[in-house]
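Reader: I've got a model open on my screen and a pile of labels to make sense of. Could you take me through them and say what backs each one?

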Amino acid sequence: MMMGKKPPPELYYETLHVAKDASQQVVRAAYKSLVRQWHPDKHPPESRPEAEARFKAINEAYEALLDQQENRAVLAARGSSSRPAWEDHGRGGGGGEDVAAGVAGARIRPARGGENEAGAARAAPPCPSTPPREEPASRKGKAVTVYSACGNVGGGGGGRRALAEFSSHVVRKAPPLERRLECTLEELCFGCSKDVRYTRDVVTKNGLIAKKEVTRTVRVKPGMRKGARVTLEGAGDERPGFLAGDAVFVVSEKKHERFKRRGDDLVLRARVPLVSALTGWRLSFRLLGGDRFRCEFRDEVISPGHVKVVRGGGMPVAAGGEEKSGARGDLLVKFDVVFPDNLTDEQRKGLAEILRGCA
């Protein structure tokens, strides 16, 4: 809160962009929207000082308007004038009325005409106090405490403490919501945009938590690997008094029928009959992009475990989540030589004659 002279109440309404007759729900909704927009952590260094100043002013305006609404509720309960508390502040001669201290509803002034404090307290019905409510601890073991706007009104500053704790919680984020994002090898190679449907928790107007099914577009960048994380800010679960959490999509790679990924390289296993491995062979297959690749072995023998490297035939190389321009891994073609299960005596004799001098 600002020290010294208080700004006029009209400035608080202008800061929160609400009308002077706005209800508590409208004020709170405007406050939540503005703190999301002007939270300093969401701004780059060059605009952070302005964001910090606005963030401070928004919190000050919200706190002041909430005090005014609490004042009206307490004065109405006591049968007094319903004028806002800021009209009484600074008039002097208030009979010990402590409105300027902050939470006016948290202090009941002594009644005039010799009534003691106990009698004054009995004359003023206390504002209903809602005890702290905790969310189930199933979310990472952390419970969220939510206070009523006028909790502990008769507790000599308890309402202020509850408000301060609520204000400190409101700028924190709810835990992230994680979902798996299955992608084909082709999608990871060339990049794509996927429409993902998932269920998130949302806070209703009456403060309850409900399930809502939403659809968001997730961009998969070329070269992303299994385990990469795509974050959509504010698209996760909501919690009362918290900024909406992020939706985090963890990349999962579907099994491919021909290729296997190894880092930025692709591996293709090819089965070669023994006779072709010895006498020559031609290999033809389609790459991930659909282009056909051909290679021939005429004057060389394909031995078991032989590997042919096709430079630049692998996946795009990504660094820091972004694709390096033109950089790609390799394609490794590994050959498995298939030997016959049985040979006749004549075949053995013929092979022995042919291979005798090849040692």
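Author: Below, each label is set against the cut-off behind it. Keep in mind that this is a predicted model.

Reader: Let's start at helix α1. Why is Leu-16 called buried or exposed there?

Author: Leu-16 sits in helix α1. Its relative accessible area is 1%, and buried means under 20%, so Leu-16 counts as buried. Pro-9, Tyr-12 and Tyr-13 of α1 (residues 9–16) are buried along with Leu-16. These four cover an arc of only 95 degrees around the axis, so they lie on the same side of α1.

Reader: What comes just after α1?

Author: His-17, which takes a positive phi of about 60 degrees. And back at Leu-16, Ala-57 is 41 residues away in sequence, with 9.2 Å from C-alpha to C-alpha.

Reader: What makes Lys-194 and Glu-187 a salt bridge?

Author: The distance. The cut-off is a side-chain nitrogen of Lys or Arg within 4 Å of a carboxyl oxygen of Asp or Glu. For Lys-194 and Glu-187 the N to O value is 3.3 Å, so the pair qualifies.

Reader: How do you know which of the labels buried, partly exposed or exposed fits Lys-194, and which fits Glu-187?

Author: The line between buried and partly exposed is drawn at 20%. Lys-194 has 19% relative accessibility, so it counts as buried. Glu-187 has 21%, so that residue counts as partly exposed.

Reader: Where does Lys-194 sit among the strands?

Author: Lys-194 stands opposite Val-218 in β5. Strands β4 (residues 192–203) and β5 (residues 209–220) are antiparallel, with 12 bridges, and two strands count as paired from at least two bridges. They make a hairpin with 5 residues in between, and Gly-207 in that turn has a positive phi of about 90 degrees.

Reader: What about Arg-311 and Asp-330, what makes that a salt bridge?

Author: Their closest N and O atoms are 2.7 Å apart, and the limit is 4 Å, so this pair passes too. Arg-311 is in the loop between β12 and β13 (316–319), while Asp-330 is in the loop between β14 (322–328) and β15, so the salt bridge ties together parts that are 19 residues apart in sequence. Arg-311 has 65% relative accessibility and so counts as exposed; Asp-330 has 17% and so counts as buried.

Reader: How many salt bridges does the structure hold?

Author: There are 17. Another one joins Arg-258 and Glu-257, at 3.5 Å from N to O. Arg-258 is partly exposed at 34%, and Glu-257 is exposed at 71%. Lys-173, Glu-233 and Asp-246 form a network of salt bridges.

Reader: Why is strand β15 called mostly covered?

Author: β15 (residues 331–338) has 8 residues, and 6 of them are buried. Each of those 6 is under 20% relative accessible area, as that is the meaning of buried. As for partners, β9 runs parallel to β15 with 8 bridges, one of them pairing Arg-271 with Asp-336. Strand β12 (residues 307–310) runs antiparallel to β15 with 4 bridges, and Val-307 stands opposite Lys-334.

Reader: And which residues make up the two faces of β8?

Author: In β8 (residues 259–262), Phe-259 and Arg-261 are on the covered face, with Lys-260 and Arg-262 on the uncovered one. In a regular strand the side chains alternate between the two faces of the sheet. β8 is joined to β9 (residues 265–273) by 4 bridges in the antiparallel sense, and Arg-261 has Leu-266 as its bridge partner.

Reader: What makes β3 and β6 edge strands?

Author: The order in this open, mixed sheet of 3 strands is β3-β7-β6. β3 (177–183) and β6 (229–232) each pair on one side only. β6 and β7 (residues 247–253) run antiparallel with 4 bridges, including the one between Leu-232 and Ala-247.

Reader: Last one: how do you know that Ile-354 can belong to a nonpolar surface patch?

Author: Patch residues need over 30% relative accessible area and no salt bridge. Ile-354, in helix α9 (residues 345–355), has 61%, so it is exposed and clears that area cut-off. With Leu-351 and Leu-355, Ile-354 makes a patch of about 280 Å².

Definitions and conventions: Residues are numbered from 1 along each chain as its sequence is written. This is a predicted model: local features need pLDDT of at least 70, side-chain atom pairs count only at pLDDT 80 or more; totals for chains, interfaces and linings use all residues. Side-chain values use heavy atoms; hydrogens and water are left out. Patches are made of residues with over 30% relative accessible area and no salt bridge: like charges are joined within 9 Å, nonpolar side chains (Val, Leu, Ile, Met, Phe, Trp, Tyr) within 5 Å. Accessible areas come from the Shrake-Rupley method with a 1.4 Å probe; for residues, only the protein chains shown count as cover. Buried means under 20% relative accessible area, exposed over 50%, partly exposed in between (1.4 Å probe, protein chains only). The arc is that of the directions from the helix axis to the C-beta atoms.
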